[in-house]
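Trainee: Got a minute? I'd like to go through this one with you before I head back to the bench.

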Amino acid sequence: MTNNTASGAPLKKSRWVSPFTKVFRDSFEAIATNLTPPGAERGQRVYVVTEWVISISLVMYALFAPHSIAITQSSYLIGLTAWGVQLVAIRKLPFKRSPVDIALFGFFACCVVSSFLSYDLLVSTKGLKSPAFFLAFYFVSNRVRSLRFASFLGLALIVSCLVNVGYSAVTLGIGRGLRIDAVRPESPFNDESIKAGDVILEADDQVVNSQQDLVRIIESQRGRMRIKVGRKEAIAETSIPRQTIREATGVGFDRLGITTSPGRNFRIMGFYSHYETYAEVLQLIAALAVGMLISVPNKRAGAAMLLSVAIPLLAVTLILTSTRAALAGLGVAVFVMALASSRRRVVVAAIASILVVLPLAVLALEHARGISVFDPDEGSTAYRLEVWREAFGIIKDNPLIGIGKGSEAKLKRSLGLYDEGRLPPGHFHSTPVQIAVWWGLLGLIFYCAFMTILVIETWRLIRRVKSEGRWQLSGIALGGLGAVLAFNVSSLAHFNFGDGEVVMVFWLLTGLVFAVRRIASEAQGGARSEGTEAPSSADSSRRSQLQEQAAVSGSSVRAARAKQN
């Protein structure tokens, strides 16, 4: 039996590692870097278990933030509970103050005071759980311990979001509803309430996605068939006698006298129930992806290739939501991030990208919604202008602490809100306006202070870590700056701070920024301490040499005196 060796040394077989195995191994190593040893503290077993629970809950938080608010908040609450158990076990509170503490806790204090002085005490106090999720910011910023784990969470958030991007593409390909392309003169659908270009969404409260669905619904019941039709953004309802359909010539779908195709002119919403929520989440994650791509030094690296694919997909999906405020927010964020990078090539690329994408976004918006970028007579714009006018009256009458969350439902008749009831009730479609109405101008001051401090501290962090070789620091800082700017720009026309799905992503990204800010400060502090130890050791050696020389000279003097005697 021959031995396949060279010079007596056995050949090593190269083992092929599958991509899934490599991803799993890298993910496990990234999580392991976030675990800190218990040391000589009490409760070591509890400490180790809670460390794993906290790290895994952070991963679940990042993975499900683009999809499910229930799993996202549950993961956060499990991690927060484990952190509390750990602090009780080790009996230490290793907290460090941050520049946003006063503004953030001051804002929540305003929410509490306003709720207990509200016009509707029960509704307002129940509504405190929404602003109380600001603790997620502290959970993320304190419990992300390593830079590798922080970048892993950021990339996990981006990759996870691509799942609902793919789902949106599938739903767009399948279509939603039946679009009426043509109506024959003898058709039972030849009615003034139904026109070519309309999309049949429902019939008798049942979803219609194919011709077979519509025929089945027609044959299953009697009487008039109620139809819900979509026309651009408007939803209309009409009805058609089934007897007229049955008496029409033809068989099956042909007797309806209409030509249809799958309806694809709708605003996609991912796994969410509303397109504006999806657009707000997309702009935050896209801002993070752009910031990280700007910072990657080697554009041929795996992370850069992944981000280069993800960013166009996220941008196209955001355009298909046809949400003006989110598109404007991302555009502003990309431009400011390019300026913050202080690289001329990046600024030119950002301006060119905006100039290319902007006309496409405007065309998609006009095609999907049939409106211009700003039209004061358009439905959603006119609604906002009306409710903002009413909100300013409420703020004038309750300037300091507001009326309390949810109290507008109780006061809408007495105050004549929503155009004396002619408009559908809702909220005030602007985060600053909504905060001033609910929690007063004092709460708005603390909120604006918090956002201002976030921008300033993130900008300083970008300047501070620019000279360091770790691109993850500047990448997360740039992405966080873009996310904060995009969030605030779109908040002028959306109440995104009250949207749980959006605000959980916002707390995750801002918490990551302050986590890497803490990591960078600790690294610089360690470098300074090492620098101060070196001179001190040199001084001690110099002092010892002087002492030795003094001892030698002293002994020689004593020897000379003894010889003289």
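Mentor: Sure. One bit of vocabulary before the rest: Ala, Val, Leu, Ile, Met, Phe, Trp, Tyr, Cys and Pro count as nonpolar, Asp, Glu, Lys and Arg as charged, and the others, Gly among them, as polar. Also keep in mind that this is a predicted model.

Trainee: Okay. How many cavities of 30 Å³ or more does the structure hold?

Mentor: There is 1 cavity of that size. The volume of the largest cavity is about 40 Å³.

Trainee: Which residues line the largest cavity?

Mentor: The lining is made of Ser 130, Pro 131, Lys 405, Trp 438, Trp 439, Phe 495, Phe 497 and Gly 498.

Trainee: And how does that lining divide into nonpolar, polar and charged?

Mentor: It comes to 5 nonpolar, 2 polar and 1 charged. Lys 405 is among the lining residues, and Lys counts as charged.

Trainee: Switching to rings. How many aromatic pairs turn up in the whole structure?

Mentor: The search finds 26 aromatic pairs. One of them is Phe 134 with Tyr 138, an edge-to-face pair with 6.3 Å centre to centre and 80° between the planes.

Trainee: Are Phe 134 and Tyr 138 buried or exposed?

Mentor: Phe 134 is buried, at a relative accessible area of 4%. Tyr 138 is buried too, with 14%.

Trainee: What about Phe 149 and Phe 152, stacked or edge-to-face?

Mentor: Their planes are at 25° and the ring centres are 6.3 Å apart, so that pair is stacked. The cut-off behind that is planes under 30 degrees apart.

Trainee: Where do Phe 149 and Phe 152 lie?

Mentor: Both are in helix α7, residues 147-174, and they are 3 residues apart, about one turn of the helix. Phe 149 has 0% relative accessibility and counts as buried. Phe 152 is buried as well, with a relative accessible area of 18%.

Trainee: What else is worth a look in helix α7?

Mentor: Try Ala 156, which lies in that helix. Ala 156 is buried, with a relative accessible area of 10%. It is 92 residues from Phe 64 in sequence, yet the two are 9.6 Å apart in space, C-alpha to C-alpha.

Trainee: Back to rings for a second. Which residue lies over the face of Phe 266?

Mentor: That's Arg 176, at 4.2 Å from the ring centre.

Trainee: Now the cysteines. How many disulfides does the count come to?

Mentor: The count is 0 disulfides.

Trainee: Why is there no bond from Cys 110 to Cys 111?

Mentor: Because the sulfurs are 6.9 Å apart, too far for a bond. The rule asks for a pair of sulfur atoms within 2.5 Å. Cys 111 has the closest cysteine sulfur to that of Cys 110.

Trainee: Is Cys 110 buried or exposed? And what does Cys 448 count as?

Mentor: Cys 110 counts as buried, at 11% relative accessibility. Cys 448 counts as partly exposed, at 37%.

Trainee: Which residue is 21 residues from Cys 111 along the chain, with C-alpha atoms separated by 9.4 Å?

Mentor: That one is Ala 132. Ala 132 sits in the loop between α5 (121-126) and α6 (135-143). Ala 132 is partly exposed, at a relative accessible area of 25%.

Trainee: Any backbone angles I should look at?

Mentor: Look at Tyr 418, where phi is near 55°, a positive value in a residue other than glycine. Asp 419 also has phi near 55°, again positive and not in a glycine.

Trainee: Where does Tyr 418 lie, and where does Asp 419?

Mentor: Tyr 418 is in helix α16, residues 417-421. Asp 419 lies in helix α16 too. Tyr 418 counts as buried at 3% relative accessibility, whereas Asp 419 counts as partly exposed at 26%.

Trainee: Last one: where is Leu 288, and is Leu 288 buried or exposed?

Mentor: Leu 288 lies in helix α10, residues 275-295. With 3% relative accessibility, Leu 288 counts as buried. Leu 288 and Ala 333 are 45 residues apart in sequence and 9.8 Å apart in space, C-alpha to C-alpha.

Trainee: Great, thanks. I'll pull those up now.

Definitions and conventions: Residues numbered from 1 in each chain as written. Predicted model: local features only at pLDDT ≥ 70, side-chain atom pairs only at ≥ 80, totals over all residues. Heavy atoms only, no water. 1 Å grid on protein atoms, 1.4 Å probe; cavity = no way out; pocket = protein on both sides within 12 Å on 5 of 7 lines; lining within 4 Å. Points joined across faces, edges and corners; volume = space filled by probe spheres on them. Phe/Tyr/Trp six-rings, centres within 6.5 Å; stacked < 30°, edge-to-face > 60°. Buried < 20%, exposed > 50% of the residue type's maximum accessible area, 1.4 Å probe, protein only. Helix = DSSP H or I, 4+ residues; strand = E, 2+ residues; numbered from the N terminus. Lys NZ or Arg CZ within 6 Å of the ring centre and 35° of its normal.
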